[in-house]
Amino acid sequence: MFFERDLFLHTRPRTVPAAALRFRLTWGLGGAAALMIVIQLITGVLLNFSYEPSPLTAYGSVQHIHYDVLFGRLFRNLHHWTGHALIVIAFLHMLRVFLSSAYRGSRHLNWIIGLGLFFLILLANFSGYLLPWDQRAYWAVTIATSILEYVPGFGTAMLEIIRGGSDVGAGTLHIFHTLHSGVLPLLMLFLMTWHFWKIRRAGGLFLPETEKSTLKSTTPPTERLAARPHLFIREKAAAAIVMAALLYPSIFFNAPLGALANPGLTPKTVKAPWYFIGLQELLIHVNPVVVVLVLLPLMLLFLLFFPLLKEDNLNGNRLVRLFFIGLVAGYAILTIIGLIFRGPGMQLGWFF
Ligand code: HEM
Ligand code: HEM
């Protein structure tokens, strides 16, 4: 087929090391994330045909998509579930790259590009969250953006820029929609292309076993196989599984749509979207200025630059590993507390 041979094949390697075909090397997570971004771009553009980004029309247009438009509910559900699942998959991909120490040397820049992609995925989900313009969206975005107020000096100014005014309103919806359907997808496509190109430039995937065996012996490390069919058949099977796993919830479980946003009626419990709940919980326990000015910048510096630290052995630096796992576990615990154990008025209890 013209498309497959001349365009798609051009982006793929001709041969791959046999060891790189092992599923357990990558768990297919990077490929799954790429497919999910493509799904978001396609379903997002389709939703945009009927979505109307103004406080007077947004809610009604989402209802129209959901109840009247042909396949509207399926595409909306698919967009919703894929967006949220993408955070989990990209995070697991990051974890697997970390645990296989595939961030060293020339791959360090690709680790940083990956962090950029992860940040964009969070922003895309967050900006999308507001678009249905229901109570859940309105108040979650109000509470999550208000974190900016803790930045001393120019926090209020930043908040007004992000919100396009002092409160969440028409300006915010306009800014979020422009970011969501224009700026963020473009940046994502750019970083993704760069990410893939860097993998090719690094000579393919990082193979931990090969590295170990080349240290022990002088024999050439890997046998190479033709990418077609060996790699492509695996990629097609993985893509089919991902599609099935996303279609299942999209057919049977609807994306939520609460009551129309009402800026005059604050709900009893206002929680940030689940991926920011850990941060919301942390702000309850630690002085917000310390969180915003010290903890978050330090965490970011660590994530960006730990690959420069000296490593103890092939599995990396033990302290770095402990710290990274500690960060992940800590954030997971805060998220669980915020999600399950906080109820009306953010009181602690059992509220699942
Ligand atoms: C990785 C990219 C993207 C992610 C992660 C993402 C995520 C989301 C999320 C989580 C929602 C809220 C859905 C809901 O709960 O109802 C949403 C809504 C929406 N998105 Fe995206 N999106 C992405 C790309 C796009 C693109 C490229 C477009 C259009 C060009 C788009 C258009 C829309 C529209 C119109 C809505 C409102 C409809 C609705 O809420 O059902 N999205 N998006
Ligand atoms: C939209 C998000 C992302 C996409 C589509 C993506 C895609 C991919 C793909 C397809 C690979 C090839 C191997 C594999 O499948 O694991 C890969 C490798 C890699 N990714 Fe990502 N990735 C994303 C996010 C991230 C994140 C969040 C990080 C880390 C912060 C990251 C860091 C890396 C690194 C360092 C490699 C090279 C690994 C090696 O050589 O074995 N990526 N990525």
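## Two domains

Domain bounds here come from an automatic or database domain assignment. The model is a predicted one, and its chain is divided into domain 1, residues 2-267, and domain 2, residues 270-352. Between the C-alpha centres of domain 1 and domain 2 the distance is 21 Å. Their contact takes 26 residues from domain 1 and 17 residues from domain 2.

On the side of domain 1 that touches domain 2, the elements giving two or more residues are H5, H6, H7 and helix H10 (208-216). H6 gives the most to this side, with 8 residues. By class, the side of domain 1 that touches domain 2 has 19 nonpolar, 4 polar and 3 charged residues.

## The largest nonpolar core

The largest nonpolar core holds 51 residues. Met 36, Leu 130, Trp 133, Ala 137 and Val 141 have the most contacts inside this core. Two or more residues each come from helix H3 (29-48), helix H4 (58-67), helix H5 (72-99), helix H6 (108-130), helix H7 (135-145), helix H9 (170-201), helix H11 (227-252) and helix H12 (274-285). H5 gives the largest share of the core, 9 residues. The core lies between domain 1 (2-267) and domain 2 (270-352), because both give residues to it.

Leu 130, one of the core residues with the most contacts, can be followed further. Not counting residues up to four places away in sequence, Leu 130 touches Ala 137, Val 141, Thr 172, Leu 173 and Phe 176. Two of these partners, Ala 137 and Val 141, are also among the core residues with the most contacts.

## Helix H7 and Arg 136

Helix H7 is mostly covered, with 8 of its 11 residues buried. The buried residues are Arg 136, Ala 137, Tyr 138, Trp 139, Ala 140, Val 141, Ala 144 and Thr 145. They pack against H6, helix H8 (155-163) and H12. H7 is also one of the elements giving two or more residues to the side of domain 1 that touches domain 2.

Is Arg 136, a residue of helix H7, buried or exposed? Arg 136 counts as buried because it has 20 C-beta neighbours inside 10 Å. Leaving aside neighbours within four places in sequence, Arg 136 is in contact with Pro 256 and Gly 258. Arg 136 and Asn 262 are 126 residues apart in sequence, and their C-alpha atoms are 10.0 Å apart in space.

## Surroundings of ligand 1

There are 26 residues around ligand 1, and those that come nearest are Gly 44, Tyr 51, Gly 83, Gly 128 and Ser 181. H3, H5, H6 and H9 each supply at least two residues of this shell. H3 gives the most to the shell around ligand 1, with 7 residues. Sorted by class, the shell around ligand 1 has 15 nonpolar, 10 polar and 1 charged residues.

## Surroundings of ligand 2

Around ligand 2 there are 27 residues, of which Thr 26, Gly 30, Ala 102, Gly 114 and Phe 206 come nearest. At least two residues of the shell are supplied by each of H3, H5, H6 and H9. Which helix gives the most to the shell around ligand 2? H6 does, with 7 residues. The shell around ligand 2 has 19 nonpolar, 7 polar and 1 charged residues.

## Backbone details

A cis peptide bond joins Arg 228 and Pro 229, with omega about 15°. Pro 229 is found in helix H11, one of the elements that give two or more residues to the largest nonpolar core.

Phe 71 is not a glycine, yet has a positive phi of about 60°. Phe 71 lies in the loop between H4 and H5. Phe 71 is exposed, because 11 other C-beta atoms lie within 10 Å. Met 346, not a glycine either, has a positive phi of about 60°. Met 346 is found in the segment after helix H14 (318-340). With 14 C-beta neighbours inside 10 Å, Met 346 counts as partly exposed.

Methods:
Residues are numbered from 1 along each chain as its sequence is written. Chains are lettered from A and ligands numbered from 1 in the order in which they are written. This is a predicted model: local features need pLDDT of at least 70, side-chain atom pairs count only at pLDDT 80 or more; totals for chains, interfaces and linings use all residues. A nonpolar core is a set of buried Ala, Val, Leu, Ile, Met, Phe, Trp, Tyr and Cys residues joined through C-beta atoms within 7 Å. A residue is buried if 20 or more other C-beta atoms lie within 10 Å of its own, exposed if 12 or fewer, and partly exposed in between; C-beta atoms are placed from the backbone. Helices (H or I, at least four residues) and strands (E, at least two) are DSSP runs, numbered from the N terminus. Two residues are in contact if their C-beta atoms, placed from the backbone, lie within 7 Å. A residue is near a molecule or strand if its C-beta atom, placed from the backbone, lies within 6 Å of it. Ala, Val, Leu, Ile, Met, Phe, Trp, Tyr, Cys and Pro count as nonpolar, Asp, Glu, Lys and Arg as charged, and the others, Gly among them, as polar.
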